[in-house]
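Look over the sequence and the model below before reading on. The briefing then goes through the model topic by topic.

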Amino acid sequence: HSGAHHRHTRASLEKLTVVELKSICREMDRYVSKHMRKADIIHTILTDHTDTDGQHRHPRRPDTAIRQTEMARQRAEHLAAAPLYPQEEDAGAAKTNKGFCPSCGASLPKKARFCPECGFKIDERPETLKDFVTKTFLPVRAEEVGAHTIRVEKGFWTHILKHLGSVPLTDLTPKHWEDYLRLLKERGCSARTLSLHQAAYQAALKYGVYSGRVAKMPPFRVIKGSTRRTRPIIPFTADEVRRLLDACSSPMYRALFGLGAGLGLRPSELVQVRWEDVDMDRATLRVRGSKTSTSGATIPLTPIALREMKQWWELEKRPRTGRCFYQRVFEDQMKTQPLQKEIRCFKLALENTARRAGVDVTEDGRTRRVFPYILRHSFATLSATFNPPVPLAVAQAVMRHTSSKMLLETYAKVQTRTHFCGIVCVCVSVRLVHW
């Protein structure tokens, strides 16, 4: 066989000692292909080392050679009896050998559906979770959600398939998922992380039920604490936003943070902004959003967003096309041809800037959670606390929410909700009086 170190023909086998024969058996056990009959190879080797009277030839140390030959024979018999494709026993299912044809005994390729010798139909192997997710579910999922969402879910599936990818799709039980959740808990993951993994897993099984691969949706328990934030979100004040922009390490990050705090864009929308989307004369921005039906829209630039973007535009020599925010990479060894690569996440840059500006800790000494979405929270808070406050309908249009419920319950805090509710009452009263 090709994998062994010993390459001898059938005629040269007579010159081998028993020690070399044992080495060949060991190498065959390690490298032999699954498409070959192990028993036939072992039988050929043993018969070529046997005289006509049935006795083995041992040119060196007969006693030791005989003992080694018997050990090799026992090992050969054990190897021949072992199944080529070990499978788990399934109650009520017939035990079939996938390595050989059950009709004529011919060896089969790994993914054979018919026997090449007699044409016997071989039962198809069950579809595993990994095959279903990578070949069927994720391509469909990529058409339904945005690029950022599918990138995050692929990260979830990397860990899920590592533990559950080999399980057949029809054999998945709640116990498999509970074992996976237990592994995440042992790694120290929060309840929120467990809930996100479970949501991705549920979406795949739901599509499996829709496509007819899964009989019914298995039950899932509610993960306690998944909706409770472990650390409260404290938005930046107007003074802290100024300090944050002054502490930026580069003009590009100053424009990036200024646009995020000035318009409340989502992080995935911020990194996709291009110069052809910015209209400096009309002070508008076309957002390339895909999270909701209203994500993609043209919105006005606030004074802080317009000021920071115009400064960065002047430094970039007024480009008309291309990415607004990027990182320079060099593909050649001499580092003479820089390329603009997309920025996928700016969490680390935001954390370092907040630390330099001293805004990672609030005025009362609490540690602030600094993450990319805090710029969106800050815009919602500042819109309501300005004097005069921004009307709720305007803030909702700029943030592009389909409903004001998300703005009031998620991004607006206690004192912010009071401001927004007051603006709504004033707007309604003015309309009624005018009517």
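Lysine 317 is exposed, because its relative accessible area is 74%; exposed means over 50% relative accessible area, buried under 20%, and partly exposed in between, with a 1.4 Å probe and protein chains only. The model is predicted, so local features need pLDDT of at least 70 and side-chain atom pairs count only at pLDDT 80 or more, while totals for chains, interfaces and linings use all residues. Residues are numbered from 1 along each chain as its sequence is written, and side-chain values use heavy atoms, with hydrogens and water left out.

**The protein overall**

- The protein contains 16 helices and five strands; helices (H or I, at least four residues) and strands (E, at least two) are DSSP runs, numbered from the N terminus.
- The protein has 435 residues, and 37% of them count as buried.
- Of the contacts between residues at least 6 apart in sequence, 58% join residues at least 24 apart; a contact means heavy atoms within 4.5 Å.

**Lysine 317 and helix 11**

- Lysine 317 lies in the loop between helix 11 and strand 4 (326-330).
- Lysine 317 comes just after helix 11 and has a positive phi of about 65 degrees.
- Most residues other than glycine have a negative phi.
- Helix 11 covers residues 303-315, and its 13 residues should span 18 Å at 1.5 Å a residue; its end C-alpha atoms are 19 Å apart, which agrees. The expected span is 1.5 Å times one less than the number of residues.
- Which residues of helix 11 are buried? They are Ala305, Glu308, Met309, Trp312 and Trp313.
- These buried residues cover an arc of only 140 degrees around the axis, so they are on the same side of helix 11; the arc is that of the directions from the helix axis to the C-beta atoms.
- On the face of helix 11 turned away from the buried side are the exposed residues Pro303 and Leu315.

**Helix 7**

- Helix 7 runs over residues 191-210, which makes 20 residues. From first C-alpha to last it reaches 28 Å, close to the 28 Å expected at 1.5 Å a residue.
- In helix 7 the buried residues are Leu194, His197, Gln198, Ala200, Tyr201, Ala204, Leu205 and Gly208.
- Seen down the axis of helix 7, the buried residues fall within an arc of 160 degrees, so they line one face of the helix.
- The exposed residues Lys206 and Tyr210 sit on the face of helix 7 turned away from its buried side.
- The buried residues of helix 7 pack against three partners: helix 4 (129-144), helix 5 (147-164) and helix 6 (174-186).
- Alanine 199 also lies in helix 7, and it is partly exposed, with a relative accessible area of 41%.
- Alanine 199 and glutamate 153 are 46 residues apart in sequence, and their C-alpha atoms are 9.5 Å apart in space.
- Glycine 212 follows helix 7 and has a positive phi, near 85 degrees.

**Helix 5 against helix 7**

- The two helices pack at an angle of about 80 degrees, with their axes 10 Å apart. Axes are lines fitted to C-alpha atoms, for helices over the stretch in contact, and angles run from 0 to 180 degrees between N-to-C directions.
- Helix 5 and helix 7 are therefore roughly perpendicular to each other, a term for angles of 65 to 115 degrees.
- Helix 5 contributes Phe156, Trp157, His159 and Ile160 to the contact, and helix 7 contributes Leu196, His197, Ala200, Tyr201 and Ala204.
- The residues of this contact divide into seven nonpolar, two polar and no charged. Ala, Val, Leu, Ile, Met, Phe, Trp, Tyr, Cys and Pro count as nonpolar, Asp, Glu, Lys and Arg as charged, and the others, Gly among them, as polar.

**Three buried residues**

- Threonine 353 lies in helix 12 (residues 347-357) and is buried, with a relative accessible area of 2%.
- Leaving out residues up to four places away in sequence, threonine 353 touches Leu244, Ala247, Cys248 and Phe257.
- Serine 383 is in helix 13 (residues 374-385) and is buried, at a relative accessible area of 4%.
- Serine 383 touches Pro389 and Val390, not counting residues up to four places away in sequence.
- Alanine 283 is in the loop between strand 1 (278-279) and strand 2 (284-287), and it is buried, with a relative accessible area of 17%.
- The phi of alanine 283 is positive, near 55 degrees, in a residue other than glycine.

How values were computed
Parallel < 35°, antiparallel > 145°, perpendicular 65-115°, else oblique.
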